[in-house]
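I opened my notebook to look around a structure that was new to me. Here is what I looked up, entry by entry.

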Amino acid sequence: MTDLPAAMTDEQWMRCALALAERAQREDDEIPVGALVVDVDGNLIGEGWNRNIAEHDPSAHAEIVAMRRAGAAIGNHRLVGCTLYVSLEPCAMCAMAIVHARVARVVYGASDPKTGAAGSVFDLLADPRHNHRVEVTGGVFGDEAGAMLTAYFRAKRGKPAV
């Protein structure tokens, strides 16, 4: 992980998540989604991007990769007090991993109108039946994150960029 200034804003952290998303596409030809976990003191403790294709692993979403690394870094499966920054709204699988890890906050970029589970299609992070609630902030650089995803899929389908 890199040396970053203390007390970064949500926007600054999201810029880091977007940079990870760019790496996913550029380095691994993966869907450009990046994520990072910041502890309660503002320290970066885990980061990652989509690794589904490269690792032949349907669970290797950016959020899962970042949370696995964060857990390893702190030696705990619970990420109490942590904030997860991700360039795309978490899906149901990732949302439930976030709940089980006891992440305090999720900040995401683009909404996912097909599989979003932080309010777009489902609202698993706020479901009152869970024993843990996650604070959610969506839309941080959402247009930029969405444009990156749209461009990736258009290129995959052989369509010109818009």
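**Entry 1: an unusual phi**

Is Asp29 buried, partly exposed or exposed? I noted first that I am working with a predicted model. Asp29 has a relative accessibility of 37%, so I wrote it down as partly exposed. I found Asp29 in the loop between α1 (10-28) and β1. Its backbone caught my eye: Asp29 is not a glycine, yet its phi is positive, at about 55°. Most residues other than glycine have a negative phi.

**Entry 2: another positive phi**

Which loop holds Arg102? I traced Arg102 to the loop between α4 and β4. Arg102 is not a glycine either, and its phi is positive at about 65°. Its relative accessible area is 19%, and the cut-off for buried is under 20%, so Arg102 counts as buried.

**Entry 3: strand β4 and its neighbours**

I moved on from that loop to the strand after it. Why is strand β4 (residues 105-110) largely enclosed by the rest of the structure? I checked its burial: 6 of the 6 residues of β4 are buried, so the rest of the structure largely encloses this strand.

Next I looked for the partners of β4. Strand β3 (residues 83-88) pairs with β4 in the parallel sense, over 5 bridges. To get from β3 to β4, the chain passes through helix α4 (residues 92-101), and this β-α-β crossover is right-handed. I picked out residues that face each other across the two strands: Val86 is opposite Tyr108 of β4, and Tyr85 is opposite Val107 of β4.

Strand β5 (residues 135-137) also runs parallel to β4, joined to it by 3 bridges. Here I noted Val106, whose bridge partner in β5 is Val136.

**Entry 4: strand β3 from its other partner**

In which sense do strand β1 (residues 34-38) and β3 run? I found them antiparallel, with 4 bridges between them. Ala35 sits opposite Val86 of β3, and I had already met Val86 opposite Tyr108 in β4. Like β4, β3 went into my notes as mostly covered, since 6 of its 6 residues are buried.

**Entry 5: the largest pocket**

I then went looking for open space. How much space lies in the largest pocket? I wrote down about 330 Å³. It has 13 lining residues, and those closest to its centre are Asp112, Pro113, Lys114, Leu149 and Phe153. Helix α5 (residues 142-156) gives the largest share of the lining, with 4 residues. Sorted by class, the lining has 6 nonpolar, 4 polar and 3 charged residues.

**Entry 6: an aromatic pair**

Phe153 made me curious, so I stayed with it for a moment. A search of the whole structure gives 2 aromatic pairs. In one of them, the ring centres of Tyr152 and Phe153 are 5.2 Å apart and the planes lie at 80°, so I noted the pair as edge-to-face. Tyr152 counts as buried at 4% relative accessibility, whereas Phe153 is partly exposed, with a relative accessible area of 29%.

**Entry 7: the second largest pocket**

Which residues lie nearest the centre of the second largest pocket? I listed Val33, Asn50, His61, Leu88 and Cys91, out of 13 lining residues. The space in this pocket comes to about 190 Å³. Its lining divides into 6 nonpolar, 4 polar and 3 charged residues.

Definitions and conventions:
Residues numbered from 1 in each chain as written. Predicted model: local features only at pLDDT ≥ 70, side-chain atom pairs only at ≥ 80, totals over all residues. Heavy atoms only, no water. 1 Å grid on protein atoms, 1.4 Å probe; cavity = no way out; pocket = protein on both sides within 12 Å on 5 of 7 lines; lining within 4 Å. Points joined across faces, edges and corners; volume = space filled by probe spheres on them. Nonpolar A, V, L, I, M, F, W, Y, C, P; charged D, E, K, R; others polar. Buried < 20%, exposed > 50% of the residue type's maximum accessible area, 1.4 Å probe, protein only. Pairing = 2+ DSSP bridges. Right-handed = clockwise from strand over helix to strand, strands pointing away. Phe/Tyr/Trp six-rings, centres within 6.5 Å; stacked < 30°, edge-to-face > 60°.
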